[in-house]
Amino acid sequence: MKKYILEVKNISKSFGNVKALEDVNFYLQKGKIHGLLGENGAGKSSLMNILSGIYQPEKGSIFINDIKQKSLDPESASELGIGMVHQEFRLIESFSIKDNLTLSKANIYKDNFKEAYEKYCEIFSLSVSPEKLIAQLSVGEKQKIEIMKLIFKNSNIMLLDEPTAVLTPQETDQLRISLERLSEEDEKTIVLISHKLKEIRDFTEKVFVMKNGKMVAEDLSTVNVTDDNLVELMMGRIQKSIIDKSNKTGDTKLSVESIEYIDKVSNYKILEDINLEIKAGEILGIAGVSGNGQVELANIISGIESDYSGKIIINNKDVSQKGVKSRKKLNLSYIPENRLGVGLAPGVSVLDNSIVRDYFKTRLGPHLSRSKTETYLESLIKKFSIKAPNSKAEISTLSGGNMQKLLMGRELVSNPEVIIASQPTRGLDVNAVEAIHTLLVDQRDMGSAILLISEDLDELFKLSNRLHVMYEGKIVKSLDIDTADINNVGLAMAGVIE
Amino acid sequence: MNNLKLFKRQTVNELSTFYSFLIGFIIAIIIGSIILLIQDKNPIDTFSLMLRLSVGSIKSLSSSLNKAIPLILAGLGISIINSVKLWNIGAEGQIFLGAIAVNFIYINTQFNSPSFHILVLLLAGFVGGSVCILIPAITKVVFGVNEIITTLLTNYIVFGVTIYLINGPWKDPKSLNFPAAAYVGEEVFLPTIFGKLSFGFLICILFTFLAHYLKNKSVFGFEMRIAGGSAMTAVYAGINAKQKAFIAMLIGGGFAGLAGAIELLSQTHRVSTGISQGFGYTAIIVAAITGMRPFGIFLVGSLFGALSIGGSVIQTIGVSTYIADIIQASTLFGALIIQFFFNYQIKRVDDD
């Protein structure tokens, strides 16, 4: 019997102490479109990387067409017809479409390229000459070529990693039609990775749900399962917070009025009509799947991005036209999502990185006092119990948790009035997460107004007083944490708003 | 399966650059000796002769240090530009344009006070070096054009300009058809300190401290490091990374231009192709060996100055001057390899 074209049984994989996958089962029916749903870090990508031969599982077995595969490497996976479209395209920009499509030695349309190209152009409703260079194509067109590349390589199992993240709604619709035709006419087996419920519903017949490295639901039929069900599976039940929220709040410290931001390159509206207000002693959580405009919002409030419309008011002062430094002087701190690369400069010493926020306050003309900065760093190390080999060590020799503590310490030590914390605990171990939560709550109690941007609903429910949900650049829901319903938040994050 | 893997060391010995230079130098001496042995020359005799003729007397020591001046100044310029993680391959051209600027100002101005005149000419050299790197700096900051290419290419342009000037408008009729500009007057010659040692050496010492301060003790140096480490962190910190890169390039170019001015005012006394004998390129080696440390550049620059004097005198016993170049280049190779082992640790890991 040949029920499944691909079957994965009890796969486990860990990285260091982190279990990325634990006893995962996954099976695909030929010619069907399957959904794989899960939050970031749930293990979707690890599973896909195992299927495409990039990672080797520690345990478990993989069957393709009922034949057990001893070990998969990228080459053998490709030969067995497994192909993947990554979120970052793997096209050669300076080559033509034709060259990119025929590059693989597994190319099955050597002799009849033209007919094949025309056929699939029709399916993808694409009308560009195959001689055109990839660099001249739009994002949507590039993606079509990526998928077509799999067809030319004769991949019968196509893994698509969040293919709609870069597409407009119209393009998404178009993609759905193309994928449906591929599955019907060519009997392609397709896996769509996503965390948007609507898409999973629209695109797929069967859905698998992952959470924390486990497959929490297998082979659900999309027509029978409700959105509530899926969200609960994906997010899990959340414990209501144990942190006291009865602290006093004061005056409004930060208000953001009708912010609109358009990306200059793609002309895409990233942020639309964002309004929010935070009082002293209050944590406002921003929930949302990353990529829905949170980074841009944080950059606009902190002054990094200046090309927007709307108003930013810090401490009753309109700073809309002001740069990073004057906003810092009004005592705003920003803990960016990208720890190493934005918050901290790689290749530079711990000492230099520790003074990035306040160096211009303590300077004496052109002189930077070594002894003062050393003392400052020592006080940070002591106060925030940071482990660093020495002040001259390069920053990336610190562990992730210590880097984040240094970054947080640097931003918090001057007792800022407004704090923007973006994904402050991403990728950290339990102890570091706890330490950082304590820091934020202490800061709240000292009267800071905190904007907490996170994808982690546990964290948001634990720390925030109020919650906004962002979806596609808009605040689609605002709730008080005491009355907030976790399922509603989850649905709003996935784009389902009633 | 046993595998060798590299691990970055958490702490690196502070003197590691010095040790790697030392070991690199020893390796270079060994390589040099082997080459000498192949040529049937006695390495010990050759090296001791080189030593004696480069630092054995006041006269030879002062020539060695004179040779070191352009290496040190250009090297310092390279190290300042490297603070923003950019490479200046154009020191050679900047030296030439510095000298050209000096001659241009000399021809077109009159000053009564010779010391003030010299000061103006030195400044002209600095500005000339900055002007030389101006186009690479603009193209880097505005369009992101790779500065390694543009600074390298300006060398050829400036060299062409030099050839044009000394064969054309500036050609000295008294030079008996040798392509060179007219000599500058003796009143603007740089004085000597002792022996033949030029006053330029004092300027060199001053600028070493200056570069050290700029790189390591000033707010600007800090801003350069952050800008060089990550452009995004610079934006985040409110540091204008492009402006820092631009200023760093102009200052660095100026240092090399000053070297050209000193060469003209103390050695050649006129613009000719002999203003620089590849100082701008050797300075890259000097800066790289020392890990871009100003005091290191001063020491290694001095050593390399002595090496090239030593190299030029051993011709008398029939050894090619290239032995000095071989030692310089092998020192860089050796030092970089040794530095790698200071920065990384090789471990055997079980990977099954």
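A residue is called buried when its relative accessible area is under 20%, exposed when over 50%, and partly exposed in between (1.4 Å probe, protein chains only). This is a predicted model, in which local features need pLDDT of at least 70 and side-chain atom pairs count only at pLDDT 80 or more, while totals for chains, interfaces and linings use all residues. Residues are numbered from 1 along each chain as its sequence is written, chains are lettered from A in the order in which they are written, and side-chain values use heavy atoms, without hydrogens and water.

Select first residues 282-287 of chain A, strand β13 (strands are DSSP runs of E, at least two residues; helices are runs of H or I, at least four). Of its 6 residues, 6 are buried. A:Glu282, A:Leu284 and A:Ile286 point one way, and A:Ile283, A:Gly285 and A:Ala287 the other.

Add next β18 (449-454) of chain A, which runs parallel to β13(A) and is joined to it by 6 bridges (pairing requires at least two DSSP bridges). Here A:Leu284 has A:Leu451 as its bridge partner. Then show β19 (466-471) of chain A, also parallel to β13(A), over 4 bridges; A:Val469 is the bridge partner of A:Ala287.

Turn now to the interface, where 31 residues of chain A are in contact (heavy atoms within 4.5 Å) with 22 residues of chain B. Finally, select A:Asp352 and B:Arg225, which form a salt bridge with the closest N and O atoms 2.4 Å apart (the rule asks for a side-chain nitrogen of Lys or Arg within 4 Å of a carboxyl oxygen of Asp or Glu). On the side of chain A that touches chain B, α10 (324-329) and α14 (400-412) each give two or more residues.
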